[in-house]
Every structure is written in structure tokens, then in C-alpha cells.
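Here are my notes on the model you sent. Please read them with the structure open.

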Amino acid sequence: MTTQSFDSGSFHAGTPRSTTRGVLYVHTAPSALCPHIEWAVAGVLGAPVQPVWTPQPAQPGSYRSELSWSGEAGSAASIVSALRGWSHLRFEITEEPTASTEGSRYSFTPDLGVFHAVTGLHGDIMIPEDRLKAAVVRSALGESTIELEIDKLLGKPWDDELETFRYAGDGAPVRWLHQVV
């Protein structure tokens, strides 16, 4: 396991920044896309990254990697923005909560796009009140069932699509990346 550390400064415009950590799981990526993913993540974190790419047995010809990262709060959202436009890419990223920010979980598939959920201290998905109310209204109007609406709020369609790729990666190496902020 390789550890990378780097310092991008501890203050921004006189305001201390919250530091957090998380994990980026790239479940499927064509080989030609792997260096572009590395460059995009490095651009967000402010330092080069060198993930270990292993073949993805669930989709021959594609690769997978896991990167544990540490950086400024909001980095997960920035990484998602940098990666979401590429076809044939499936990934998930988590960001732990800090004293001043909520945690996050993002999932991406080419067919479904981006799923985002706010997560609590123990990783549970926290569903905002207005989203619950909207789900109840759609169900009451007959547009959907409450079960289907709850599944969408919890990201079940993304979980269903990604589950095969998650298991295929069991035992794969993880590279830890640390950013001192």
C-alpha cells in the first residue's frame, strides 16, 4: 500500500477549510479512459494520483480501482463533476461528514446518471423532508407507488446496477491518498 501526502495550504481567503476523507470506487472503465480519470481526480485533489488498475471480471475489457482520499470538504462533488460525462464509466464515491459538513454518497452509471445522497455519521442516507413529501404526493396522485419512490430516494436502481461490479472487485488492492489541507 502506497501513501501519498501533500499540502495545499491550510487556509483559503482567511477561512479555515474542513478536511474530510472518502473513497472513490471506479467499477468499470475502458483502458483508454484510465489515465483521464487519474488526471481528473488529481486536478481536484491537487496532486498526482497513481491508482492500481485491475481487470474487471464482470465486464471483460474494462478495469476497476479503489482510491482512498483525504482533502477539502466538497471534493467528492468536484470529482463527480469531473467524471460524470464519460460513457462506459461506472463509479461511486463517498465523503465522510465533518464538524461543519454533511457526508455524501454518489453513484454514477451511464444509463442512470448521478445519484446523490446526504449521509449521516454512520453512513445512513438522510432523506430531506421535501423529497419525502414529494414522493408521498407522487404516490397519492397515482404516478408511482410509495415503495418505488422510497427505492429511488435510497438509490436502489443504482445499487442494483452496480452490485455485480462491486462483488467482482472483492480483494482488489486499495491505494490510500492523503492531502493535508
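The points below cover a helix, the nonpolar core and one loop residue.

1. Status. This is a predicted model. Please keep that in mind throughout.

2. Helix α2. The helix spans residues 75-83. Its buried residues are S75, A76, I79, V80 and L83. Viewed down the axis of α2, these residues fall within an arc of 140 degrees, so they line one face of the helix. The general background is simple: an α-helix has 3.6 residues a turn, so residues three or four places apart point the same way.

3. Cover over α2. Which elements help to cover the buried residues of α2? Strands β4 (19-30), β6 (62-72), β7 (90-95), β8 (103-109) and β9 (113-119) are among them, and so is helix α1 (34-45).

4. The core. The largest nonpolar core has 23 residues. L24, I37, L83, L89 and I93 touch the most other members. At least two core residues come from each of β4, α1, β6, α2, β7 and β8. The biggest contributor is α1, with six residues.

5. L83. This residue links points 2 and 4: L83 is buried in α2 and is also one of the core members that touch the most others. Beyond residues up to four places away in sequence, L83 touches L24, I37, A40, L89 and F91.

6. A58. Where does A58 lie? A58 sits in the loop between β5 (54-55) and β6. Is A58 buried or partly exposed? Its relative accessible area is 31%, so A58 is partly exposed. Leaving aside neighbours within four places in sequence, A58 contacts T164, F165 and A168. A58 and H27 are 31 residues apart in sequence, with their C-alpha atoms 9.4 Å apart in space.

Conventions. Residues numbered from 1 in each chain as written. Predicted model: local features only at pLDDT ≥ 70, side-chain atom pairs only at ≥ 80, totals over all residues. Heavy atoms only, no water. Buried < 20%, exposed > 50% of the residue type's maximum accessible area, 1.4 Å probe, protein only. Arc of directions from axis to C-beta. Contact = heavy atoms within 4.5 Å. Core = buried A, V, L, I, M, F, W, Y, C linked by side-chain atoms within 4.5 Å.
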